[in-house]
Amino acid sequence: VHRLRGRVDAIIVGGGTAIADNPTLTARPPGQRIACRIVVAGKQLPSRDSNLVRTINESAVMVVCGPSNDAAELVQLEKLGVMVFHCESNDRLERTQQLLAELGRREFTNVLVEGGSALLSSFASIDELDEIHAYIAPKLIGGATAPGPVGGGGFAELVSSPAYHLVESAKFDDDFRLIARRSR
């Protein structure tokens, strides 16, 4: 994962993931590129003492927000060096499309969407997931209240699910990595 992070222009997570995991989202050791770390905020924004904000000197941080986000808190984050990208809508799919348009304007060519499930659902729903890197560990988690890898509306039928083809698999100790690319 860290090697992959070192090859991208941006790493994107949802607001829930940013708050629950408090990630740094950096490549260790640093790679060829230093990724901009992007949080697509829902109702909650990353805190001013989050790992992302505390390590802003290591790489840029952007918060993607909608009209319902707290304007005063956004100003405080901007004062700490966080870039704020204001979207016109609170709709998740519209915000995802606006974010991708903005990243295109900034000439970002490689973007890693790390999750969570609602964010992955947004990218999948607008058919903007080109490649999947799935890491599988021999542990069982899940259940009726546990989120799956793709949340939101998802794909209720196999015929409506986007198709991917396996291009690589590898075993690391007891873990597996699968890489699949979108079949078009």
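**Exercise 1. Packing of H5 and H6**

Determine how helix H5 (residues 92–105) and H6 are oriented towards each other in this predicted model.

*Solution.* Step 1: two packed helices are described by the angle between their axes and the distance between the axes. Step 2: for H5 and H6 the angle is about 75 degrees, and the axes are 9 Å apart. Step 3: an angle of 65 to 115 degrees counts as roughly perpendicular. H5 and H6 are therefore roughly perpendicular to each other.

**Exercise 2. The contact between the two helices**

Identify which residues of H5 meet which residues of H6, and state how the residues of this contact divide by chemical character.

*Solution.* Step 1: H5 contributes Arg92, Leu93, Thr96 and Leu100. Step 2: the residues of H6 that they meet are Ala118, Ser122, Phe123 and Ser125. Step 3: the contact of H5 with H6 divides into 4 nonpolar, 3 polar and 1 charged residues.

**Exercise 3. The surroundings of H6**

Establish how many residues of H6 are buried, and name elements that cover them.

*Solution.* Step 1: the buried residues of H6 are Ser117, Leu119, Leu120, Ser121, Ser122, Phe123 and Ala124. Step 2: these make 7 of the 9 residues of H6, so the helix is largely enclosed by the rest of the structure. Step 3: the cover over the buried residues of H6 includes E1, E2, H5 and strand E5 (111–115).

**Exercise 4. Ser121**

Decide whether Ser121 is buried or exposed, and describe its contacts with residues beyond its neighbours in sequence.

*Solution.* Step 1: Ser121 belongs to helix H6, which spans residues 117–125. Step 2: the relative accessibility of Ser121 is 5%. Because buried means under 20%, Ser121 counts as buried. Step 3: if neighbours within four places in sequence are left aside, Ser121 is in contact with Val150, Gly151, Gly152, Gly153 and Gly154. Step 4: a polar atom of the Ser121 side chain lies 2.9 Å from the backbone oxygen of Gly151.

**Exercise 5. Asp127 and its partner**

Locate Asp127 and Arg182, and explain why their salt bridge ties together separate parts of the sequence.

*Solution.* Step 1: the side chains of Arg182 and Asp127 meet in a salt bridge, with an N to O distance of 2.9 Å. Step 2: Arg182 lies in strand E8 (residues 175–182), whereas Asp127 lies in the loop between H6 and strand E6 (131–136), so the pair ties together parts that are 55 residues apart in sequence. Step 3: Arg182 has a relative accessibility of 18% and counts as buried, while Asp127, at 30%, counts as partly exposed. Step 4: Asp127, just after H6, takes a positive phi of about 55 degrees.

**Exercise 6. Further salt bridges**

State how many salt bridges are counted, and characterise the pairs Asp9 with Arg33 and Arg48 with Glu73.

*Solution.* Step 1: the count comes to 8 salt bridges. Step 2: in the bridge of Asp9 with Arg33, the closest N and O atoms are 3.1 Å apart. This pair links distant parts of the chain, 24 residues apart: Asp9 is in the loop between helix H1 (2–5) and strand E1 (10–14), and Arg33 is in the loop between helix H2 (15–21) and strand E2 (36–40). Step 3: Arg48 and Glu73 form a salt bridge at 3.2 Å, N to O. Arg48 is in the loop between E2 and helix H3 (51–54) and Glu73 is in helix H4 (residues 71–79), 25 residues apart. Step 4: Arg48, at 42% relative accessibility, counts as partly exposed, whereas Glu73, at 19%, counts as buried. Step 5: Glu102, Arg105 and Arg106 are linked in a network of salt bridges.

Technical notes
Residues are numbered from 1 along each chain as its sequence is written. This is a predicted model: local features need pLDDT of at least 70, side-chain atom pairs count only at pLDDT 80 or more; totals for chains, interfaces and linings use all residues. Side-chain values use heavy atoms; hydrogens and water are left out. Helices (H or I, at least four residues) and strands (E, at least two) are DSSP runs, numbered from the N terminus. Buried means under 20% relative accessible area, exposed over 50%, partly exposed in between (1.4 Å probe, protein chains only). A polar contact is a pair of N or O atoms within 3.5 Å; within protein, one must be able to donate a hydrogen and the other to accept it, and residues adjacent in sequence count only if both atoms are side-chain atoms. Contact means heavy atoms within 4.5 Å. A salt bridge is a side-chain nitrogen of Lys or Arg within 4 Å of a carboxyl oxygen of Asp or Glu. Axes are lines fitted to C-alpha atoms, for helices over the stretch in contact, and angles run from 0 to 180 degrees between N-to-C directions. Angles under 35 degrees count as roughly parallel, over 145 as roughly antiparallel, 65 to 115 as roughly perpendicular and the rest as oblique. Ala, Val, Leu, Ile, Met, Phe, Trp, Tyr, Cys and Pro count as nonpolar, Asp, Glu, Lys and Arg as charged, and the others, Gly among them, as polar.
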